[in-house]
Amino acid sequence: MTDFHLHIEGARPAWEWFQELFGELPPPDKRKLYTVHFTWFYERFRVLPADDSKETVRIYARAYIMTLLSTQLFIDKSGNRVHFRWLPFVARLDDMDSYSWGLAALAWLYRCMCRVANRNVTNLVGPLQLLQSWIFWRFPTLRPQEFDTFSFPLASRWATYLPTSDAKEQKIIQYRLALD
């Protein structure tokens, strides 16, 4: 990532390209190297203003996609930063559907799962909501009992599922027996 700026449209400075795509720069305390704090991104681009010109809509679409890519599909250990690595993709919104995002997210999840197998790594990152959805779909005995309704997208049915930590040991034993 030290040469990241060389891979952006003719070696332009990354922050210059960011300003061109989003119309402004975040305050200096909200940026770090090639990332922007999620909170600034969220607050700044949360609501589309009444001036919904075509360019304004494109800016807000770019911000939404950058946020989605950085905090949902390709989340890293920071969990609260929007990374510039997605600038080349959001710069050309018309090309977004030509990329295989599902395959890339699956590859990222596999990479994250391989990394956590290292004994020095203690936290699993990646699109864990997709992993949880797959587990609940493929292993019905692990699925929460109150979530048997069918809906699309599949992961949405478990979006509100927040297990309690009550009797955690009993649940772990129950899940291990179900897997066996």
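I take buried to mean under 20% relative accessible area, exposed over 50%, and partly exposed in between, with a 1.4 Å probe and protein chains only. By that rule Thr67, at 15% relative accessibility, counts as buried.

**Ground rules.** The model is predicted, so I note that local features need pLDDT of at least 70 and side-chain atom pairs pLDDT 80 or more, while totals for chains, interfaces and linings use all residues. Residues are numbered from 1 along each chain as its sequence is written, and side-chain values use heavy atoms, with hydrogens and water left out.

**Overall layout.** I looked up the secondary structure and found seven helices and three strands. Helices (H or I, at least four residues) and strands (E, at least two) are DSSP runs, numbered from the N terminus. Along the sequence the pattern reads α-β-β-α-α-β-α-α-α-α. The chain has 180 residues, and 32% of them count as buried. I then checked contacts, meaning heavy atoms within 4.5 Å. Among contacts between residues at least 6 apart in sequence, 44% join residues at least 24 apart.

**Sheet.** The three strands form an open sheet in the order β1-β2-β3, with antiparallel pairing. β1 and β3 stand at the edges with a single partner strand each, so one side of each lacks a neighbour in the sheet. Two strands pair if DSSP finds at least two bridges between them. β2 and β3 have three bridges, in the antiparallel sense. I picked out one residue here: His37 has Arg81 in β3 as its bridge partner.

**Core.** Next I went to the largest nonpolar core. Such a core is a set of buried Ala, Val, Leu, Ile, Met, Phe, Trp, Tyr and Cys residues joined through side-chain atoms within 4.5 Å. This one has 32 residues, and Phe18, Phe22, Phe41 and Leu87 touch the most other members. At least two core residues come from each of α1 (14-22), α2 (38-45), α3 (54-73), α4 (87-91) and α5 (101-116). Which helix gives the most to this core? α3 does, with seven residues.

**Helix α2.** I listed Trp40, Phe41 and Phe45 as buried in α2. Seen down the helix axis, the buried residues of α2 fall within an arc of 100°, so they line one face. The arc is taken over the directions from the helix axis to the C-beta atoms. The cover over these buried residues includes α1, β2 (35-37), α3 and β3 (81-83). I followed Phe41 further. Leaving out residues up to four places away in sequence, Phe41 touches Phe18, Phe22, Val36, Ala63, Met66, Thr67 and Val82.

**Two residues of α3.** Met66 sits in helix α3. Is Met66 buried or exposed? Met66 counts as buried, because its relative accessibility is 0%. Beyond four places in sequence, Met66 is in contact with Phe22, Phe41, Val82, His83, Trp86, Leu87 and Val90. I also checked a C-alpha separation: Met66 and His83 are 17 residues apart along the chain, and their C-alpha atoms are 7.8 Å apart.

Thr67 is in α3 as well. A polar atom of the Thr67 side chain lies 2.8 Å from the backbone oxygen of Ala63. With residues up to four places away set aside, Thr67 touches Phe38, Phe41, Gln72 and Val82.

**Salt bridges.** I count a salt bridge when a side-chain nitrogen of Lys or Arg is within 4 Å of a carboxyl oxygen of Asp or Glu. How many does the structure hold? It holds four salt bridges. I went through three pairs.

- Arg44 and Glu24 meet at 2.3 Å, N to O. The pair links distant parts of the chain, 20 residues apart: Arg44 is in α2, Glu24 in the loop between α1 and β1 (31-32). Arg44 is partly exposed at 29% relative accessibility, and Glu24 is partly exposed at 24%.
- Glu43 and Arg46 have their closest N and O atoms 3.5 Å apart. Glu43 is partly exposed at 49%. Arg46 is partly exposed at 48%.
- Arg92 and Asp95 form a salt bridge with the closest N and O atoms 3.5 Å apart. Arg92 is partly exposed at 36%, and Asp95 is partly exposed at 31%.

How values were computed. A polar contact is a pair of N or O atoms within 3.5 Å; within protein, one must be able to donate a hydrogen and the other to accept it, and residues adjacent in sequence count only if both atoms are side-chain atoms.
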